[in-house]
Every structure is written in C-alpha cells, then in structure tokens.
Amino acid sequence: MIKIRRLITKFGTFTLAYLLILPASQAQPLIQSQLNWPAFEQYQASGQLLNFSAHSSAQGYLLIWPELNQAHMWLPMARHWQQRNWEVRLLLPDTAQQAFDPSSERPSPAQQAWLILQLDRLTALTDTNENADQDAIAANNTNTEQDTARPVVMLTQGSAALWYQQWVETEQLPVPQALVLFDALPDVLAQQKMLASSLARSPYPVLDIYSHPDSPLAWHNQQRRQQQLSSREKTGYALQRFIGAEPLNKQIAGWLVRLGWLPLPPNAPQYLQEQHSESGISRPRNAANPGPAATP
C-alpha cells in the first residue's frame, strides 16, 4: 500500500537533542510541528512512527497517537516507560485528522483515500504480535498465554480519539486492553455523541484525562459521556485531571496498578492491595448540575 510522507518543518538536530535532555521543569512544551521526526534514531519511515523498544522481553505496549499542534510531552513519556521495559510507539500525527469529519456518513473520495492510508499506519502501530513472538523466542518461551497477557494500552490525544474508536468498533483495528484519552474534546455535537456512544460500548477500561475539565467544551463532552455511560452501565471508566507532564506517568501507572497490570509499589498500603484488581466508574459531576451556560 502506498505510504505518504508528510513534509515536516526543519528543526535543528542539535537544538532538538538539547531540548530533550533538559529536565521537564526547564524545557518549554514542544509543539508537534516543531519536531523533525526523521532525526530520531527510533524513527521508522514505513509507519511514520517512533519506536522505543523494550530493553528485554516487553512487559507491555504503550501506543500513542498525538494531536497536531498541541503541547508535545510524549517523548519524555516514551523514555520513561521504555526504562520500565515497556515498548512505546509514537505515531506521527497528520493534518487531515483535524480537517476531515469522522462522523460523516458520506465521506468524500479524498477522505476515503486518507482513511485507507491512515488505517495502514494504525495497523502497523497496533501490531504487537511480531514483537511478542521475537521476545518469546529470545526468552525461549513458547507460552502463548504469557505473550498475550502483556497489556496493550492505547493513548489518543484530541481528534485522534474519534478516528481510533471508529476503527476499533468496525473491527478494522484490534481491541486494546485499555484506552487513555487526553483532551479528546470534539466541538461538533454529532462528534461528541459519536465518541460518547463509542466509549460507552467499549469492552475495555477507559481513562479520560482533561487538562481543563471546567471549561464549557470539556463539560459538554463529559455530560454526553456520562449520559451514555449511565444508560449502558459501562464499568471501568475513570476521569482524571491533568496536573503536569511528569505526574501523568504516575497517573497512568496508578491506574494500571488498579487494573492489575502493574505490580504494587513497595510498602503499598493495605487498601491498595485489596483494590489491586478492581476498577470502577468515576462520576465526579452530578448529572443534575446544569454546568456552564455556554454551548459547545
């Protein structure tokens, strides 16, 4: 299948490397369009992604589909999880994921062509079987159950969430073990309802993270989701507020601990041990609360 390689704004390799080794407290948030992806040794041109391989047999897979022109915190996150022996794949976002309408019932020929190309890229991103087989051979382990037990966690930012959910629901992409949403806030009513319904039907746990949960747009999106979650009695949904790039790793790790996919930290309190494998629905807002008067 034909691959498209988007032109990326040139950014000096030395400057980029300098920014990336700065502590998070000193580095300014990087914008997606500033990154020269081919400058990274982890860049794989065929899938237009960065692949941070685990140092040994992968404990899990973190797949990240970012948003274009939003603060980029995913490179430090990739290194954080790679150091903990997870394989991380970071997909290059595309301008068309914001330009095309995922809720369109009659997509244009241009959108249909783009969907085919993007689905090919996402298939490469989510294909963990080859790596799992290689890990098993390296470890001289043929236990299929052990390979498939490794969690596959998908993280989608912004407009990527709707496209990803659409392909998973139509069985064009494999179902993840868990999904993390980051500021997945469509402003079109049809898209809000589409995403809310899809999340409510999902058979996997969902962690929904908002950087500005009190904004009118966030409130309206959350109301749509809570209505669908309640009507379908969806379990395994959690809502959290983004408090910073470094704490984000702890937020996700804590969630995975509660799901039973990460070990408890040393000297964990007894109540955490009891809740290690539990998950539930988080409903921080009262449905009767009218919220902001602004409309999306």
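This is a short walk through one predicted model, from its overall make-up to its cores, its helix packing and a few single residues.

Start with the whole chain. The protein has 296 residues, and buried residues make up 47% of them. Its secondary structure comes to eleven helices and ten strands. Now take the contacts with a separation of 6 or more. Residues 24 or more positions apart account for 79% of those.

Next, the cores. The largest nonpolar core has 36 residues. Which residues have the most contacts inside it? They are Trp65, Leu122, Met154, Tyr164, Trp167 and Leu179. The largest share of this core, seven residues, comes from helix 7, which is residues 160–169. Another core lies apart from it, with 34 residues. Ile64, Met73, Val153 and Phe242 are among them.

Let me stay with Trp65 for a moment. Leave out anything up to four places away in sequence. Trp65 then touches Leu91, Pro93, Gln97 and Leu122, among others. Its contacts also include Met154, Leu155, Thr156 and Gln157. Helix 7 spans residues 160–169, and Trp65 touches Ala160, Trp163, Tyr164 and Trp167.

That brings us to helix 7 and its partner, helix 4. Helix 4 is residues 109–126. The two axes come within 12 Å and cross at roughly 80°. An angle from 65 to 115 degrees counts as roughly perpendicular, so helix 4 and helix 7 are roughly perpendicular to each other. Who meets whom? From helix 7, the residues are Trp163, Tyr164 and Trp167. From helix 4, they are Gln111, Trp114, Leu115, Gln118, Leu119 and Leu122. Note the overlap with the core. Leu122, Tyr164 and Trp167 are among its residues with the most contacts, and they also sit in this helix pair.

Now helix 10, residues 245–259. It has 15 residues. From first C-alpha to last it reaches 22 Å, close to the 21 Å expected. Its buried residues are Leu248, Asn249, Gln251, Ile252, Trp255, Leu256, Val257 and Leu259. What do they pack against? Helix 2, residues 74–83, is one element. The others are strands: strand 7 at 152–157, strand 8 at 178–182, strand 9 at 206–210 and strand 10 at 237–241. Gly260 follows helix 10, with a positive phi near 90°.

Look at helix 2 against helix 10 more closely. They pack at about 45°, with their axes 10 Å apart. That angle makes helix 2 oblique to helix 10. The crossing is right-handed. Helix 2 brings Trp74, Met77, His80 and Trp81. Helix 10 brings Leu248, Asn249, Ile252, Ala253 and Leu256. A general point on spacing: an α-helix has 3.6 residues a turn, so residues three or four places apart point the same way.

On to helix 9, residues 216–232. Its 17 residues should span 24 Å, and the end C-alpha atoms are 25 Å apart, which agrees. Its buried residues include an unbroken run from Ala218 to Gln226: Ala218, Trp219, His220, Asn221, Gln222, Gln223, Arg224, Arg225 and Gln226. Leu229 is buried too. What covers them includes strand 8, helix 8, strand 9 and strand 10.

Helix 8 is residues 189–201, and Leu189 lies in it. Is Leu189 buried or partly exposed? Partly exposed, because its relative accessible area is 38%. Its C-alpha is 9.3 Å from that of Arg224, 35 residues apart along the chain. Gln191 also lies in helix 8. Gln191 is buried, because its relative accessible area is 12%, and the cut-off is under 20%. Beyond its neighbours within four places in sequence, Gln191 contacts Asp101, Pro102, Ser103, Leu162 and Pro186.

Last, two backbone oddities. Most residues other than glycine have a negative phi. Glu171 has a positive one, near 60°. Glu171 is in the loop between helix 7 and strand 8. It is exposed, because its relative accessible area is 71%. Glu233 has a positive phi too, near 55°. Glu233 directly follows helix 9, in the loop that leads to strand 10. Glu233 is exposed as well, with a relative accessible area of 65%.

Conventions:
Residues are numbered from 1 along each chain as its sequence is written. This is a predicted model: local features need pLDDT of at least 70, side-chain atom pairs count only at pLDDT 80 or more; totals for chains, interfaces and linings use all residues. Side-chain values use heavy atoms; hydrogens and water are left out. Helices (H or I, at least four residues) and strands (E, at least two) are DSSP runs, numbered from the N terminus. The expected span of a helix is 1.5 Å times one less than its number of residues. Buried means under 20% relative accessible area, exposed over 50%, partly exposed in between (1.4 Å probe, protein chains only). Contact means heavy atoms within 4.5 Å. A nonpolar core is a set of buried Ala, Val, Leu, Ile, Met, Phe, Trp, Tyr and Cys residues joined through side-chain atoms within 4.5 Å. Axes are lines fitted to C-alpha atoms, for helices over the stretch in contact, and angles run from 0 to 180 degrees between N-to-C directions. Angles under 35 degrees count as roughly parallel, over 145 as roughly antiparallel, 65 to 115 as roughly perpendicular and the rest as oblique. A crossing is left-handed if the near helix is turned anticlockwise from the far one by less than a right angle, and right-handed if clockwise.
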